[in-house]
Amino acid sequence: MTPPAPADTPAPGAQHGGVIRKNLATLPVRPHWRADAPAPATFSWSSMRERLAGLPGGGLNIGFEALDRPVRQGRGEHVALHWLGANAGAGAERAGLAGLDERRITYDELRRLANRFASAITRLGLARGDRLFVLAPRLPELYVAILGALKAGVVVSPLFSAFGPEPIATRMNLGEGRALVTTPGLFARKVAPVRAQIPTLSHVLLIDDGSGPGPAGTHDLGALLREAGEAGENFECAATRPEDLALLHFTSGTTGRPKGAMHVHGAVVTHYATGLYALDLHPEDVFWCTADPGWVTGMSYGVIAPLLHGVTMIVDEAEFDPERWYRILQEHEVSVWYTAPTAIRMLMKAGIALAQRFVHPKLRFVASVGEPLNPEAVAWGLQALGLPIHDNWWQTETGGIMVANAPAFDIKPGSMGRPLPGVEAAIVERLAGGDVRLIDTPGTQGELALKRGWPSMFRGYLHEDERYRKCFAGEWYLTGDLVRRDADGHYWFVGRADDVIKSAGHLIGPFEVESVLMEHPAVVEAGVIGKPDALLGETVKAFVALRPGFEAGEALMRELMAHARKRLGAAVAPKEIAFAAALPHTRSGKIMRRLLKARELGLPEGDTSTMEGAA
Ligand code: AMP
């Protein structure tokens, strides 16, 4: 099956003002694929693979490609990681890596530190295939741990530091985490209360955050790195194969537990290729990906892809602050910036006057991912930064950017762009029996599907083969996103085909939130929906039905909010809770979230024939 060819009808982009044509006289952008990248027509994944170093005998290791390859290419003294501490300028000593609050770590230093980490965990007894979780702020040690573990052949699974104890324990148990790298503060607040529920967890490595020695049963990461010594710097990279598991990224579905999307070392070929084609990374670039490595974007593009291209990457420990962000872009001469729609909307909210206090002469490419990027945000980029913003699309399961407003294309504001070289996309309709029908009429809505074969495709959901199999119909991976394609081949995001919620870029599974609410003695049932929000995309709203004897009211609502926040963390907990006498169900007993949402938004209720009690 080949994807349908685009036919000739007006582009939906027209409704948003059509294509933004770059003004080449004023904008320092490249109007074509970079000169040293093969033209898309001659693109092949194997030619991308050949650009990487590889290991003897056909092996491949992400950590090796990210660190050893650039060093071998003579970039050892180039700054790999320019770290800005949350208190940058305060000059506080950090014992672990003996640095200041602003640190520049070269490729060779990072390689040596990662090697020390790899030897330290090997000495602790971690073996290839074991899982190491990371739960930390964006500190240099986080990057050392990720890259070191990858070099040791240990599988890395990142957690958001905004998660509460419940999501952490759930994911570590599903992933059978043997080791965890975190800080004493996060350990005390979020892991210690649930440690007994994670029986596989043998080693907790604490990053020194200045709060004093860690509790019994933990290791001091700084001490482990020192003990690894110079000998540890010669760690020999594990002989991983391209199909060996490298990363485990948890993502949320509509029902059931979070899903552990498994990614292999061979994914590095996609990271490399998309760094070329979607982000236009060049070795002289200063690149800033604002995503946290707790999220797949912060891993693929906040750690791996930039290092593969030998750039200097900015890592900012601090949370979002409009003025700080403009200052970073200006003072650190960021040339390529990869951020998210929620952040852009928050910058827009902070006002154009603030933006215009700063100049960004070196900035030449700005991209965004994670949620739909409003056309106004694309235009705002031109006004505030002198550059339009290039939206691109992908998801945890794809491991890398698939559809993009690449530098080589004109932007259609509001569109997610076109498939990158090596990516075959189509729009499909699911049929009974698990097959799909390709939809090739421009403008018709359907589910986005991608043809198997790109290197960073997830290789399974951990321990959930059936769930994995259901994501495929023949050669097509079904993304769960509803889209339209216009006559020019640009894709337009319509919405999710399921009930998952996207809030400030975080994918939130309603089931996980409902389960925690139902742990509260007052709650008999909960239904959770995403409510449109101009800033965050969506916010989490919960409807709860109470057990007899409990009274709906302000006090109980506050109690439920606090319960959810404590167990789930602020990023996942509902922002709003409403009491309901009863929740709508299907005949098979499932809560009809779609109906809750329609009622909340005053939309037509649609087909309610499957509803319990319906005629
Ligand atoms: P995650 O797996 O957490 O990265 O979330 C992936 C989901 O985010 C996708 O399936 C989409 O629903 C949404 N998403 C990602 N990028 C975009 C985009 N550029 N436009 C619209 N939605 C997006």
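Two strands pair if DSSP finds at least two bridges between them. Keep that in mind for the first stop. One caution before we go: this is a predicted model.

Let's start with a sheet. Strand β26 covers residues 537–546, and four bridges join β26 to β27. Those two strands run parallel. One bridge to look for: alanine 542 in β26 has isoleucine 577 as its partner in β27.

Now the whole sheet. Three strands make it up, in the order β25-β26-β27. The sheet is open, and its pairing is mixed. At the edges sit β25, residues 523–533, and β27, residues 576–579. Each edge strand pairs on one side only. On average, neighbouring strands here are turned by 25° against each other, direction ignored.

What packs on this sheet? Helix α15 does, residues 510–518. This helix touches β25, β26 and β27, and its direction makes about 140° with that of β25. Then there is helix α17, residues 593–601. Helix α17 lies across β25 and β26, at about 55° to β25.

Next topic: charge. Side chains of opposite charge can pair when their charged atoms come close. How many salt bridges does this model have? The count comes to 42. I'll show three.

First example: arginine 567 and glutamate 519. Their closest N and O atoms are 3.1 Å apart. Arginine 567 is in helix α16, residues 554–568. Glutamate 519 is in the loop between α15 and β25, so we are still beside the helix we just met. The two residues are 48 apart along the chain. Arginine 567 is partly exposed at 24% relative accessibility, and glutamate 519 is partly exposed at 37%.

Second example: arginine 131 and glutamate 176, with N to O at 2.8 Å. This pair also links distant parts of the chain, 45 residues apart. Arginine 131 sits in strand β3, glutamate 176 in the loop between α5 and β5. Buried or exposed, arginine 131? Buried, because its 15% relative accessibility is under the 20% cut-off. Glutamate 176, at 33%, is partly exposed.

Third example: aspartate 108 and arginine 112, 3.2 Å from N to O. Both lie in helix α3, residues 107–123. They are four residues apart, about one turn of the helix. Aspartate 108 is buried at 16%, while arginine 112 is partly exposed at 28%.

That pair belongs to a network of salt bridges. Its members are Asp108, Arg111, Arg112, Arg116 and Glu233. Find those five in the model, and we can take questions.

How values were computed:
Residues are numbered from 1 along each chain as its sequence is written. This is a predicted model: local features need pLDDT of at least 70, side-chain atom pairs count only at pLDDT 80 or more; totals for chains, interfaces and linings use all residues. Side-chain values use heavy atoms; hydrogens and water are left out. Axes are lines fitted to C-alpha atoms, for helices over the stretch in contact, and angles run from 0 to 180 degrees between N-to-C directions. Contact means heavy atoms within 4.5 Å. A salt bridge is a side-chain nitrogen of Lys or Arg within 4 Å of a carboxyl oxygen of Asp or Glu. Buried means under 20% relative accessible area, exposed over 50%, partly exposed in between (1.4 Å probe, protein chains only).
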